[in-house]
Structures are given as structure tokens and as C-alpha cells.
Amino acid sequence: PEIFTRVKRIVGVSLIVLAAAIGIMGGVSYNDAGFCVHNRTAFGAETAKCDLGWYFSGWGQTTEWAHYITVSHTTQPTENSVTDLPAYPIRMADNWSGLMTQTTRFGIPQDPEQFLKMARDFRSPERLVVTTLRPAVTSSLDSVANLYTMEEYWSQGKRDEFKTEFENAVKKGRPAIDRTEVITPGVSYSPNTAPSSSPNAT
């Protein structure tokens, strides 16, 4: 009888230790370098972890966010990807059209309060990319392309200026463009008359 009592105690303690280990494993997780974790515990708490190490996940739901998100348009896109996309079609100021390749890297906020607000607003990295980052890139490409002709971009060496304007547009917003019409006194023009056949031509 005594030996059976000891066996029961050992088995009971083992089961308790096993249950505790399983519980701890389900309630504690590890965050890898280069990621932030948005965590909702089973108890209703919401936490953020943006540095390397263990954290209490509370048997809840976690979403990983990379510290940096890259949006690219390339000649060899990844199938079904929301960030690695085909080359983007643009139209320049002289109506020249073509395909543009680019790579833009965005950094997410790592301050806990700012990160939690972003995670609540967008819910997932994919939704952030589709609704905000990707439109910011394409609208900036469209706006900056309208500032240059192909001759300016290629022959006059304004490619670096184009890149700078694109970077500024992504960071600060699209540039505002004012169209100005200049009328010179004493010169008349009829859209139905060619300049060479104008009565004032010499």
C-alpha cells in the first residue's frame, strides 16, 4: 500500500508539472529581432513587444509586423504578393508613357503607443500596405512623372532630380502644381489658322 501511495504522489506531481509546463508554453512567447508583435491576450489585455525577447502572450492572438516594409515594382514580381509588384505604368508631361521600376522602404513606429494605434487602425501589415503604403508610392510616381518630359528626364540628366522629388513626395505628400497661362499683348492666335498663314506673319 505504501508503494502505491508513493507512485500516486509521483504521478500526481508529474501531471501538475506537465500541466504547468503546457500552460506556460501557451502563455509565453518569444519575439524575434526585426519584428514588433501586437498581442491580444485571452484576458482582454492588449500589449506590444518591439524588442528581442520573451513576452506574456496570455494564450491570445498575436500579429507580427516587420520593422521595415518594402514596396517595390520590378520586372520580376512575386506572384500573389502585395509588396513585390509588376513595373508601374507612368505618363510624363509630354505624354510619353512607359514602365517604371522602384523600391521604397517604410519603417513602422516602434514606440508602444504609436505602434498599438497603427495596429488597431490597420489590423494587419497587408492592410497597411494595400490601403496606405502602396497608394502613397503610385500616386507619388504619377505626380512626379507629370513634372518632367522624357527629354528632361533622359537627355537633360534629370533622373537624379526625379528620384529626389519622388522621395520627397512619398515623405511629405504629392507636390502641388499651379498651371499659369501667359497672354502676350499684341499677338492674336486662332486655333483654326496655322502660324505660317497668319496675316501678321513675315
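## Starting at K49

Let's begin with one residue: K49 sits in strand β3, which covers residues 46–49. This is a predicted model, so please read every feature below as part of a prediction. Is K49 buried or exposed? K49 counts as buried because its relative accessibility is 16%, and the cut-off for buried is under 20%.

Which residues surround K49? Leaving aside neighbours within four places in sequence, K49 is in contact with N31, F35, C36, V37, W54 and Y55. Take C36 from that list: C36 and K49 are 13 residues apart in sequence, yet their C-alpha atoms are 5.5 Å apart in space.

K49 also has a charged partner. Its salt bridge is with D51, and the closest N and O atoms of the two are 2.9 Å apart. D51 has a relative accessibility of 46%, so D51 counts as partly exposed. This bridge therefore joins a buried residue, K49, to a partly exposed one, D51.

## The whole chain

Now let's step back. The chain has 202 residues, and 27% of them count as buried. Look along the chain and you will find five helices and ten strands.

How much of the contact pattern comes from residues 24 or more positions apart? Among contacts in the chain with a separation of 6 or more, such residues account for 60%. As for the outside, the chain exposes about 14200 Å², and carbon and sulfur atoms supply 54% of that area.

## The nonpolar core

In soluble globular proteins, nonpolar side chains tend to be buried together. Here, the largest nonpolar core has 28 residues. Which of its members touch the most other members? They are W65 and F162.

Several elements each supply at least two residues of this core: strands β6 (68–74) and β8 (88–91), together with helices α2 (112–122), α3, α4 (150–155) and α5 (159–172). Helix α3 gives the most, with seven residues.

## A closer look at helix α3

Since α3 gives the most to the core, let's follow this helix along its length. Helix α3 runs over residues 125–145. With 21 residues at 1.5 Å each, α3 should span 30 Å; the C-alpha atoms at its ends are 28 Å apart, so the two values agree. Where does α3 bend? The bend is at L133, by about 35°, and a proline, P135, follows within four residues.

The buried residues of α3 include P125 at the start of the list and A145 at its end, with L128, V129, L133, V137 and L141 among the others. V137 is a good one to find in the structure: its relative accessible area is 0%, so V137 is buried. Not counting residues up to four places away in sequence, V137 touches V71, H73, Q102, T104, F106 and F166. You can also locate V170, which is 33 residues from V137 along the chain, while the C-alpha atoms of the pair are separated by 6.3 Å.

## Salt bridges within helices

How many salt bridges are there? The count comes to four. We have already met the one between D51 and K49. Another joins the side chains of D121 and K117, with an N to O distance of 2.9 Å. Both residues lie in helix α2, four residues apart, which is about one turn of the helix. D121 is partly exposed because its relative accessible area is 41%.

Helix α5 holds a salt bridge between the side chains of E167 and K171, at 2.8 Å from N to O. These two residues are also four apart, about one turn of the helix. E167 counts as partly exposed, at 40% relative accessibility, whereas K171 counts as exposed, at 63%.

## Two asparagines with positive phi

Finally, look at two loops. N80 lies in the loop between β6 and β7 (84–86). Although N80 is not a glycine, its phi is positive, at about 65°. N80 is exposed, with a relative accessible area of 76%.

N95 lies in the loop between β8 and β9 (97–100). Its phi is near 70°, again a positive value in a residue other than glycine. Is N95 buried or exposed? N95 is exposed because its relative accessible area is 54%, and the cut-off for exposed is over 50%.

Terms used
Residues are numbered from 1 along each chain as its sequence is written. This is a predicted model: local features need pLDDT of at least 70, side-chain atom pairs count only at pLDDT 80 or more; totals for chains, interfaces and linings use all residues. Side-chain values use heavy atoms; hydrogens and water are left out. Buried means under 20% relative accessible area, exposed over 50%, partly exposed in between (1.4 Å probe, protein chains only). Contact means heavy atoms within 4.5 Å. Accessible areas come from the Shrake-Rupley method with a 1.4 Å probe; for residues, only the protein chains shown count as cover. A nonpolar core is a set of buried Ala, Val, Leu, Ile, Met, Phe, Trp, Tyr and Cys residues joined through side-chain atoms within 4.5 Å. The expected span of a helix is 1.5 Å times one less than its number of residues. The bend at a residue is the angle between axes fitted to the seven residues ending there and the seven starting there.
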